[in-house]
There are 2 protein chains.
Amino acid sequence: MRLVVVGGVAGGMSAAARARRVSEDSEIIVLERGPEVSFANCGLPYFVGDEITDAEALLVQTPEKLRESLGLDVRINSDVVACDPVSRTLTVVDPEGAHELGYDELIVSPGASALRPPIPGLDSTRVLTLRTVSDAVALKARAQAGARAVVLGAGFIGLEAAEALRMRGLETSVVELAPHVLPPLEPEMARLVREELVRLGIDVLDGRSATEVEHGPDHDTVVLSDGTRLDADVIVLSVGVRPDVSVWEAAGVGSVAGAIEVDELGRTSVPHIWAVGDATRSVDGVTGTRRPIALAGPANRAGRIVADAVMGRVGHTVPTALGTAIVRVGELTAALTGANRRALAESGIEYHTVHLHPLNHAGYFPGASQIHLVLHFGTDGKVLGAQAVGRDGVDKRIDVFAVAIRAGLKVADLVDLDLAYSPPYGSAKDPVNMAGMMATNVLDGTLRLWHAPDLDVVTDGALLLDVRSREEVADGHLPGALNIPHVELRDRMEEVRRAAAGRPVRVMCASGVRSYLAHRQLAQAGFDSANLSGGMLTLRAALGPGLDDLLETGSPSLHTTPIEPSQRVTVGD
Amino acid sequence: MRLVVVGGVAGGMSAAARARRVSEDSEIIVLERGPEVSFANCGLPYFVGDEITDAEALLVQTPEKLRESLGLDVRINSDVVACDPVSRTLTVVDPEGAHELGYDELIVSPGASALRPPIPGLDSTRVLTLRTVSDAVALKARAQAGARAVVLGAGFIGLEAAEALRMRGLETSVVELAPHVLPPLEPEMARLVREELVRLGIDVLDGRSATEVEHGPDHDTVVLSDGTRLDADVIVLSVGVRPDVSVWEAAGVGSVAGAIEVDELGRTSVPHIWAVGDATRSVDGVTGTRRPIALAGPANRAGRIVADAVMGRVGHTVPTALGTAIVRVGELTAALTGANRRALAESGIEYHTVHLHPLNHAGYFPGASQIHLVLHFGTDGKVLGAQAVGRDGVDKRIDVFAVAIRAGLKVADLVDLDLAYSPPYGSAKDPVNMAGMMATNVLDGTLRLWHAPDLDVVTDGALLLDVRSREEVADGHLPGALNIPHVELRDRMEEVRRAAAGRPVRVMCASGVRSYLAHRQLAQAGFDSANLSGGMLTLRAALGPGLDDLLETGSPSLHTTPIEPSQRVTVGD
């Protein structure tokens, strides 16, 4: 049997290698359009930034090694330009010309190429992409010669490229059409990443698009939709990818929205043609919708399963995808898994959200740092999505959430997770346990939340109760807030009652912990009370500089009439 | 309602705090025998080792802060010496004498004290334990004055104490009755920890016990079962703990093997008495057996659930425990979750095991290091237990396994896990995915393993095929092995056939990856073939110095008759 695999990176190479391991007697030919197979595409930005200094290190495999070790016939610089599915014949163009190649079974893993939006001037030689080793070598060379870089697109690869260029000493700007960097992140998470980019000295121009690239003799100029002009010696185009499917569509392979449609075994609509990787649509594990998920992990794992299926070993199916992704930005890590607000809204799934800011490990152990965490969960308790930003331990928590979502766990199960604890690694109540506790509290009504976007409604119709210390409040508080430090609340409940005057009470503190304690007292005392999810930390991240404009310093403007001790009601007595 | 909580650390304090949050109007009294509540017992070794310099940092809460924030009546130095469950009255001894205290509901969280085996001389003032802040202060003072330390017991706390003392410059020995340090670890994992201890300059005396402590004027001498004599200025006793249950047993609370028996809500056999923490028996989440699990995480989480139940909020139950645990030893991390071989054997659960040594993150990204991983799984594919030792990323993988076990996932599910990948954090095929792939290969027969303990049988009755390179083999190989580098195997299959002469072929390489490729070729060529799980790395860790005595250097002794190229059989043709 002759198996031909088109595309020798990630999904394609995983498929070829697995096919050999389960079928020693098949002929397996891998056709790769480019000059390298199985290269480390996720490592390219680190090569540009000189964390990886040797381009050879990016070449995980070579055709020679693959022949020796796996008996694969790997042909580089071999572009498939046509496919006749009836005669099962490919037309391949390689340096020696065009020729035909028959197949019994065909796995296509063509990947995706950089999306090129219709921006005038984008054909400048100073505009580069970052998809292959030669792209990276070219970008590095240009970066060495240049002083100013503009990165178009603030997705994962765009930010990695921007940091790499900045670390090389270039004046670096990153332009993003969406309102914030890393569009799949929630805005209150993306803001933290944005601040880190700014700290690195990167100019972040979000909510704007490039409208033209003007070519100059010494440099180009990127013109943005708001009129900003950015001079650039090098421009990185990283605004997304488009599956390379034209050959396959021409061969009759069914596609939707430009991506190949496959079933749970990787079968396309055409017999004997299978597909994996960035060019295919994955089924979202949370919402059930189909979309291309251009990530290395799912591609690699799908390759293995499809190879099994091609070889008649049917048992496993290509898993649904959670789109789990992670990026290092300066000293921060940002990661997400499962659905975000937009995906949940689009799918009409009802959900709750909690924000928390736990420490990555025991606070008394040196080096503890905060993890900013968002958890979305269904009204049935099902874990739907999580995002985290922090210095340490972000990857671990997102992986734990990814397993929880894959396993269909509910938030009550998160409480029970028996995670590895000792002071250098975590806390007796791990951030994931804590998130589960908060979420179960929300579901059973123990905790009622208000969220940053509710601020206008809250300031209009409720008493805002700030339970931070006087010192914290003096540094900046919302206008109209009543300040009662949480440790004084039991003795000053009557003051709250007077100030509220029948209105709901909306509590807040720095991170949501003290205000939760206050909320519990208020709720049990009969108030219509709710607690700001994530406290000032989340409010600030959600509203950005807009919040600072709002804040007042000094003592809060709202003072209640002092109450004689004899009038005080101690709740619970 | 008056709730009395006995024991103000971990489980007890979690229960008291949760009780307040759900019941503002209860009277909640916490009685703590010692001078501190809610202190960081897991942080004590790091205080001894000066990573935590301020003892205050270990005091997470104070009675005053708990009163202010939660309205708890916390009474330290208050020892409960008797309980009359009929009148619901405790007898409490505090600095002012004995008095009685009534309760409506009682949660007991007495914890456990250091086990004191009947060793003559153990009453020396130089023998200390490490259970409380004052223990840690005393140990640190003694360590500052002394030069030689002996730690009795190489469990988690024993090793943390030994490292702390060694880091302070003391000549440090650790004595362990079990055959290896960290007895819950598999021997092939524990060996790696042992080597790190030795690298730190700690003398490891395992498989031996202390039989006497001789008191001297300047120092004590610990005499071991093998006659070894260890002079010591300070001796740390850390051979285990025993639940403090005598008061409760006297009150009629049912216990088994010295630990309080509780149901899934924390109820004891006596009405209105509940129990949590180290003094109770947990249900093992894998084997279903009951045993005390003295860990902070489960205690904290149980406290919360029991408090809910006491307050009539019944919904969640105390989860089964996996005994997930982790320890930092020098530059290594060792961790485990779920069942080990002993627990599985004792429970009569049939299982398979795979060993692997993947990198913590992409190999081409700087700083990659190996994670040594063991996975036990049932014949039905269920994930039963995992252990890992390595420099980085161990905690993350063990947490992922812990969630998988909690969720009842099977090894095929591990293949599908969509974990966060980018080069600084992992690989497109994460170590956990890899473990799942290997395990599914074992289940469906694609991979057949032999294990280190089978070595004698293998050398007696099989052809040992070492597929490492000639250079690796020359550095040390098993006697009688045939060396065919894996890349040459396809062309030299006939040599294997001749050398095997009808015997099974048992393949090996350095880590099990290349020998897996060879195994697949051999199996498909009709050989009775199996692959050494974890390769030489695991063999060395399992057999220890015994292996080095066995190994031969230079060219392997077994040479096959050279075969003419024309005679070669290319498998698959």
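Here a biologist asks about the structure and a modeller answers.

Biologist: What kind of model is this, and how is it numbered?
Modeller: This is a predicted model, where local features need pLDDT of at least 70, side-chain atom pairs count only at pLDDT 80 or more, and totals for chains, interfaces and linings use all residues. Side-chain values use heavy atoms, with hydrogens and water left out; chains are lettered from A and ligands numbered from 1 in the order in which they are written, and residues are numbered from 1 along each chain as its sequence is written.

Biologist: How far apart are the centres of domain 1 and domain 4 of chain A?
Modeller: Domain bounds come from an automatic or database domain assignment. It gives domain 1 (2-112 + 242-310), domain 2 (127-239), domain 3 (331-443) and domain 4 (449-567). Taken over C-alpha atoms, the centres of domain 1 and domain 4 of chain A are separated by 57 Å.

Biologist: Which residues of chain A does UniProt list for "domain: Rhodanese"?
Modeller: The listing comes from an unreviewed entry. UniProt positions are given in the numbering used here, feature names are shortened, and annotations may be inferred rather than shown by experiment. Over this stretch chain A is 45% helix and 15% strand, with the end C-alpha atoms 18 Å apart. UniProt lists residues 458-548.

Biologist: Which strands stand at the edges of the five-stranded open sheet in chain A?
Modeller: Strands (E, at least two residues) and helices (H or I, at least four) are DSSP runs, numbered from the N terminus, and two strands pair if DSSP finds at least two bridges between them. The sheet has the order S23-S24-S27-S26-S25, with antiparallel pairing. Each edge strand has a single partner, so one side of each is left without a neighbour in the sheet. The edges are strand S23 (325-329) and strand S25 (351-356) of chain A.

Biologist: Which residue in S24(A) stands opposite Arg328(A)?
Modeller: S23(A) and strand S24 (residues 332-338) of chain A pair in the antiparallel sense over five bridges. Opposite Arg328(A) in S24(A) stands Thr333(A).

Biologist: What is the bridge partner of Ala334(B) in S27(B)?
Modeller: In chain B, five strands form an open antiparallel sheet in the order S23-S24-S27-S26-S25. Strand S24 (residues 332-338) and strand S27 (residues 383-390) of chain B are joined by six bridges. The partner of Ala334(B) is Val389(B).

Biologist: What angle does helix H12 of chain B make with S25(B)?
Modeller: Helix H12 (residues 431-443) of chain B packs on the sheet, in contact (heavy atoms within 4.5 Å) with S25 and strand S26 (371-378) of chain B. Axes are lines fitted to C-alpha atoms, for helices over the stretch in contact, and angles run from 0 to 180 degrees between N-to-C directions. The angle is about 135°.

Biologist: How much area do chain A and chain B bury between them?
Modeller: 86 residues of chain A are in contact with 86 residues of chain B. Buried area is the accessible area (1.4 Å probe) that two parts lose on being put together, summed over both. Of this area, 56% is on carbon and sulfur atoms. The total is about 7500 Å².

Biologist: How many salt bridges cross the interface of chain A and chain B?
Modeller: A salt bridge is a side-chain nitrogen of Lys or Arg within 4 Å of a carboxyl oxygen of Asp or Glu. One pair is Lys396(A) with Asp399(B), their closest N and O atoms being 4.0 Å apart. Over all chains the count is 86. Across this interface the rule finds 14.

Biologist: Where does Ala10(A) lie?
Modeller: Ala10(A) is not a glycine, yet has a positive phi of about 45°. Its place is in the loop between strand S1 (2-6) and helix H1 (11-22) of chain A.
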